[in-house]
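Colleague: Could you walk me through this one? I would love to hear how you read it.

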Amino acid sequence: MLDAARRHKSPRLVIPDNIVLLSLPPYAPGLNAVDNIWEYLRGNALSLRIWNTYDAIVEACCQAWNVLIATPDLITSITNRDWAHGRI
């Protein structure tokens, strides 16, 4: 599944015969699970805060990401889509 990025539409992109590309609409948070990951991080780990330096922002983002990837069940709950399993 691809978002609407130009690089996904490049004529130079070589697509193997056993892969089918499915393009998403330009904004489709219900379809693109990664959008929900970023929404979760913004809402739960990176909002309502002020950082004094760029390094502090990077540290907060890395810490939030590390907490998220340490909880695979949470990632599954955020990104699970019934339609992807044929359960519409």
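Colleague: How many aromatic pairs does the count come to?

Modeller: Happy to start there, and bear in mind that this is a predicted model. Ring centres have to lie within 6.5 Å to pair. By this rule the count comes to one.

Colleague: Is that pair stacked or edge-to-face?

Modeller: The partners are Trp38 and Trp65, with 5.8 Å centre to centre. Planes under 30 degrees apart count as stacked. Here the angle between the planes is 25 degrees, so the pair is stacked.

Colleague: How many residues apart in sequence are the parts that the pair ties together?

Modeller: Trp38 belongs to helix H1, while Trp65 belongs to helix H2. The pair therefore links parts whose separation in sequence is 27 residues.

Colleague: Nice. Which helix gives the largest nonpolar core its largest share?

Modeller: That core has seven residues: Ile37, Leu41, Leu46, Ala60, Ala64, Leu68 and Ile78. Helix H1 (33-44) and helix H2 (54-69) each supply at least two of them. The largest share, three residues, comes from H2.

Colleague: And over what arc around the axis do the buried residues of H2 spread?

Modeller: The buried residues of H2 are Ala60, Ala64 and Leu68. An α-helix has 3.6 residues a turn, so residues three or four places apart point the same way. The buried three sit on the same side of H2 because they cover an arc of only 70 degrees.

Colleague: Which residues are exposed on the other side of H2?

Modeller: Exposed here means over 50% relative accessible area. On that other side of H2, the exposed residues are Tyr54, Asp55 and Glu59.

Conventions
Residues numbered from 1 in each chain as written. Predicted model: local features only at pLDDT ≥ 70, side-chain atom pairs only at ≥ 80, totals over all residues. Heavy atoms only, no water. Core = buried A, V, L, I, M, F, W, Y, C linked by side-chain atoms within 4.5 Å. Buried < 20%, exposed > 50% of the residue type's maximum accessible area, 1.4 Å probe, protein only. Helix = DSSP H or I, 4+ residues; strand = E, 2+ residues; numbered from the N terminus. Arc of directions from axis to C-beta. Phe/Tyr/Trp six-rings, centres within 6.5 Å; stacked < 30°, edge-to-face > 60°.
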